[in-house]
Amino acid sequence: MDTPENETRAPGTPTRPVTDTQVFTLMSARSEVAPRVCRDFVAGVLRSLGHGGTAEAARVCTSELATNIVLHAAGESMLLRLVVRPGRTRIGIYDSATGIPEWRPSDDGSVAPHGRGLLLVDAMSARWDTAGEDPLGWYTKGVWFELPTDGTPSRAGNQA
């Protein structure tokens, strides 16, 4: 499908909206550069599909989850799965550690240097949860979050 001569579009954006479900995966070493690689991958895919309005929130939440894996997980690798459907985007990050990630809100309102990653994901995403119900979660530990694909602001504090 050719773009009409009078139509302008950003370089790299599709000529027509993507209406099918698309799945992208990235396997990464569990290293200090992994959060940057993961967040740049997610932002690049979303912008390429014409969903730039969703890219920044996805980038921040992805970075938080990937950082948690680098700091707290076991094993040498991590898997990122990005599913883009009409109206919503789901990003899951998986590792080989055992146990469920803990969400620890502060009881006393103090500000700690660590432990706020899932709070940020909760505030920025439409919903999130551990990957127990996700087929990949049957085999490995993971956390996923969803964002509206159109980039509209999400509601804060609505864990799935």
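Two strands are said to pair if DSSP finds at least two bridges between them. Helices (H or I, at least four residues) and strands (E, at least two) are themselves DSSP runs, numbered from the N terminus.

This is a predicted model, in which local features need pLDDT of at least 70 and side-chain atom pairs count only at pLDDT 80 or more, while totals for chains, interfaces and linings use all residues. Residues are numbered from 1 along each chain as its sequence is written, and side-chain values use heavy atoms, with hydrogens and water left out.

**The whole chain**

Begin with the entire chain in a cartoon view. Three helices and five strands are present, and along the sequence they follow the pattern β-α-α-β-β-α-β-β. Of the 160 residues, 34% are buried; buried means under 20% relative accessible area, exposed over 50%, and partly exposed in between, with a 1.4 Å probe and protein chains only. Contact means heavy atoms within 4.5 Å. Among contacts between residues at least 6 apart in sequence, 67% join residues at least 24 apart.

**The sheet**

Next, select the five strands. In what order do the strands of the open sheet stand? The order is 1-2-3-5-4, and the pairing is antiparallel. Strands of a sheet pair through backbone hydrogen bonds, either parallel or antiparallel. Strand 1 (22-29) and strand 4 (127-130) stand at the edges with a single partner strand each, so one side of each has no neighbour in the sheet. From one strand to the next, the twist averages 15 degrees.

**Strands 2 and 3**

Select residues 77-85, which are strand 2; seven bridges join this strand to strand 3, and the two run antiparallel. They form a hairpin with two residues between them, and Gly87 in the turn has a positive phi of about 90 degrees. Beside the turn, Val84 stands opposite Thr89 in strand 3.

Now select residues 88-95, which are strand 3; eight bridges join this strand to strand 5 (residues 141-148), again in the antiparallel sense. Thr89 has Leu147 as its bridge partner in strand 5, and Ile93 has Val143. Seven of the eight residues of strand 3 are buried, so this strand is largely enclosed by the rest of the structure.

**Strands 5 and 4**

Show the side chains of strand 5. This strand is mostly covered, with eight of its eight residues buried. Lys141, Val143, Phe145 and Leu147 point one way, whereas Gly142, Trp144, Glu146 and Pro148 point the other way.

Move to strand 4, which pairs with strand 5 in the antiparallel sense over four bridges. Select Asp129 and its bridge partner in strand 5, Trp144. Which side chains of strand 4 are buried? Trp128 and Thr130 point to one face and are buried, while Arg127 and Asp129 point to the other and are not.

**Helices 1 and 2**

Select helix 1 (residues 34-48) together with helix 2. Their axes come within 8 Å and cross at roughly 160 degrees. Axes are lines fitted to C-alpha atoms, for helices over the stretch in contact, and angles run from 0 to 180 degrees between N-to-C directions. Helix 1 and helix 2 are therefore roughly antiparallel; angles under 35 degrees count as roughly parallel, over 145 as roughly antiparallel, 65 to 115 as roughly perpendicular and the rest as oblique.

The crossing of these two helices is right-handed. A crossing is right-handed if the near helix is turned clockwise from the far one by less than a right angle, and left-handed if anticlockwise. Residues in this contact include Cys38, Ala43 and Leu46 of helix 1 and Thr54, Ala58 and Val70 of helix 2. By class, the contact has ten nonpolar, five polar and five charged residues. Ala, Val, Leu, Ile, Met, Phe, Trp, Tyr, Cys and Pro count as nonpolar, Asp, Glu, Lys and Arg as charged, and the others, Gly among them, as polar.

Pause at Thr54 in helix 2. With 2% relative accessibility, Thr54 counts as buried. Thr54 and Ala43 are eleven residues apart in sequence and 8.3 Å apart in space, C-alpha to C-alpha.

**Helices 2 and 3**

Finally, keep helix 2 (residues 52-72) and add helix 3 (residues 117-124); they pack at an angle of about 155 degrees, with axes 9 Å apart. That makes helix 2 roughly antiparallel to helix 3, and their crossing is left-handed. Among the contact residues are Val60, Cys61 and Leu65 of helix 2 and Leu118, Val121 and Met124 of helix 3. By class, eight residues of this contact are nonpolar, two polar and one charged.
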